[in-house]
Amino acid sequence: MSHALHPAQIQVLNAQATLPVVAGLAVRLAVVVVKWDMRRKSRRALKRLGPHLLRDIGLDHATAQAEASKPFWQD
């Protein structure tokens, strides 16, 4: 079980105008790290999908592999 904050919770914290500067930077950094981690996990899972599952989500093998091969920091 993960104890990490859900991205929506992090966005709420990030939207707080009264955060001190250092806290605001820390929250922004946390948002970026969570995005990167979600991309990494999603791309790893995409790489393992079989042809029938790729068809179910409307992707061909080449498109799925191109997305899965992107580095986690690339959108």
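So, one definition before I start: when I call a residue buried, I mean under 20% relative accessible area. And please keep in mind that this is a predicted model.

Okay, let's begin with helix α2, residues 21–48. Which of its residues are buried? The list is G24, V27, V31, V34, R39, R43 and L46. And what covers them? The cover includes α1, then α3, which is 51–56, and α4, which is 61–68. Some of you will spot the spacing in that list. An α-helix has 3.6 residues a turn, so residues three or four places apart point the same way.

A quick check on the length of α2. With 28 residues at 1.5 Å each, α2 should span 40 Å, and the C-alpha atoms at its two ends are 41 Å apart, so the two agree.

Now for the partners, starting with α1. That's residues 7–14, and its axis comes within 9 Å of the α2 axis, crossing at roughly 160°. Anything over 145 degrees counts as roughly antiparallel, so that's what we call α1 and α2. As for handedness, α1 passes α2 in a left-handed crossing.

Who's touching whom there? On the α1 side we have P7, I10, L13 and N14, and they meet G24, V27, R28, V31, V34 and M38 on α2. Sort that contact by type and you get seven nonpolar residues, two polar and one charged. Remember that G24, V27, V31 and V34 were on the buried list for α2.

Let me stay on N14 for a moment, since it sits in helix α1. Skipping its neighbours within four places in sequence, N14 is in contact with G24, V27, R28 and V31. Is N14 buried or exposed? Somewhere in the middle: its relative accessible area is 29%, so N14 is partly exposed. And to give you a feel for distance, the C-alpha atoms of N14 and P71 are separated by 25 Å, with those positions 57 residues apart along the chain.

Next partner: α4. The axes of α2 and α4 come within 8 Å and cross at roughly 150°. That is again over the 145 cut-off, so α2 and α4 are roughly antiparallel to each other. The crossing of α2 past α4 is left-handed.

In this contact, R43, L46 and K47 from α2 meet A64, Q65, E67 and A68 from α4. By type, that's three nonpolar, one polar and three charged. Two of the α2 residues, R43 and L46, came up earlier as buried.

Last stop, K70, which lies in the segment after α4. What does K70 touch, once we leave out neighbours within four places in sequence? R43 and D75. So R43 comes back once more, having already met α4. K70 itself has a relative accessible area of 27%, which makes it partly exposed. Its C-alpha atom is separated from that of R40 by 9.1 Å, and those two are 30 residues apart along the chain.

That's my tour, thanks.

Key: Residues are numbered from 1 along each chain as its sequence is written. This is a predicted model: local features need pLDDT of at least 70, side-chain atom pairs count only at pLDDT 80 or more; totals for chains, interfaces and linings use all residues. Side-chain values use heavy atoms; hydrogens and water are left out. Axes are lines fitted to C-alpha atoms, for helices over the stretch in contact, and angles run from 0 to 180 degrees between N-to-C directions. Helices (H or I, at least four residues) and strands (E, at least two) are DSSP runs, numbered from the N terminus. Angles under 35 degrees count as roughly parallel, over 145 as roughly antiparallel, 65 to 115 as roughly perpendicular and the rest as oblique. A crossing is left-handed if the near helix is turned anticlockwise from the far one by less than a right angle, and right-handed if clockwise. Contact means heavy atoms within 4.5 Å. Ala, Val, Leu, Ile, Met, Phe, Trp, Tyr, Cys and Pro count as nonpolar, Asp, Glu, Lys and Arg as charged, and the others, Gly among them, as polar. The expected span of a helix is 1.5 Å times one less than its number of residues. Buried means under 20% relative accessible area, exposed over 50%, partly exposed in between (1.4 Å probe, protein chains only).
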